[in-house]
Amino acid sequence: MEARTFWLLVVVVLALGSSSSTGQYVGLSGNQCAVPAKDRVDCGYPEVTPEQCNNRGCCFDSSIPGVPWCFKPLQEAECTF
């Protein structure tokens, strides 16, 4: 019974840890989401969750008040010769 309790606890901890999306960018590199606060272009709507924002292909960062928390990522530049 103790092993079952342990594994249940492990699953709960992993589920809670993976649901916190602030600062995590699904499918985007950290560099693409390094947008200065003054240059952020809104990509969400009021009360958008980090998961909903990421599903739209956008970055989510709620650490700076007064600016969009869900914003468009920087486009990776392509070099053409």
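These legends describe close-up views of a predicted model of one protein chain.

**Figure 1. The whole chain, a predicted model with two helices and two strands.** Along the sequence, the elements follow the pattern α-α-β-β. The helices are α1 (residues 2-19) and α2 (50-55). The strands are β1 (residues 59-60) and β2 (residues 70-71). The chain has 81 residues, and 22% of them count as buried. About 6200 Å² is exposed, with 60% of that area supplied by carbon and sulfur atoms. Among contacts with a separation of 6 or more, 61% are between residues 24 or more positions apart.

**Figure 2. Confidence along the chain.** The mean pLDDT is 77. Of the residues, 63% reach 70 or more. Helix α1 has the lowest mean pLDDT among the elements, at 47. Strand β2 has the highest, at 97. Over residues 10-22, pLDDT stays under 50. For that stretch the model has six contacts beyond four places in sequence.

**Figure 3. Three disulfides in the structure.** A disulfide is a covalent bond between the sulfur atoms of two cysteines. A search of the whole structure finds three such links. Counting bonded cysteines along the chain, the pattern is 1-5, 2-4, 3-6. The next three views take the pairs in turn.

**Figure 4. The link of Cys33 and Cys59.** The sulfur atoms of this disulfide are 2.0 Å apart. The link is left-handed, with -75 degrees about the S-S bond. Cys33 sits in the loop between α1 and α2, and Cys59 in strand β1, so the disulfide ties together parts 26 residues apart in sequence. Cys33 counts as buried because its relative accessibility is 6%, under the 20% cut-off. Cys59 is buried too, at 0% relative accessibility.

**Figure 5. The link of Cys43 and Cys58.** Here the S to S distance is 1.6 Å. Cys43 lies in the loop between α1 and α2, whereas Cys58 lies in the loop between α2 and β1. The pair therefore ties together parts that are 15 residues apart in sequence. Both Cys43 and Cys58 are buried.

**Figure 6. The link of Cys53 and Cys70.** The two sulfur atoms are 2.1 Å apart. This disulfide is right-handed, because the torsion about its S-S bond is about 100 degrees. Cys53 belongs to helix α2 and Cys70 to strand β2, so the bond ties together parts 17 residues apart in sequence. Cys53 is buried, at 0% relative accessibility. Cys70 is also buried, with a relative accessible area of 3%.

**Figure 7. The largest nonpolar core, six residues in all.** Its members are Cys43, Val48, Cys53, Cys58, Phe60 and Cys70. Two disulfide pairs contribute to this core. Cys43 is joined to Cys58, and Cys53 forms a disulfide with Cys70. Val48 and Phe60 complete the set.

**Figure 8. Another core, of five residues, apart from the largest.** Among its members are Leu28, Cys33, Val35 and Phe71. Cys33 is the residue that forms a disulfide with Cys59. Phe71 falls within strand β2 (residues 70-71), the element with the highest mean pLDDT.

Key:
Residues numbered from 1 in each chain as written. Predicted model: local features only at pLDDT ≥ 70, side-chain atom pairs only at ≥ 80, totals over all residues. Heavy atoms only, no water. pLDDT = per-residue confidence, 0-100. Helix = DSSP H or I, 4+ residues; strand = E, 2+ residues; numbered from the N terminus. Contact = heavy atoms within 4.5 Å. Buried < 20%, exposed > 50% of the residue type's maximum accessible area, 1.4 Å probe, protein only. Areas by Shrake-Rupley, 256 points an atom, 1.4 Å probe, with all protein chains shown as cover. Disulfide = S-S within 2.5 Å. Core = buried A, V, L, I, M, F, W, Y, C linked by side-chain atoms within 4.5 Å.
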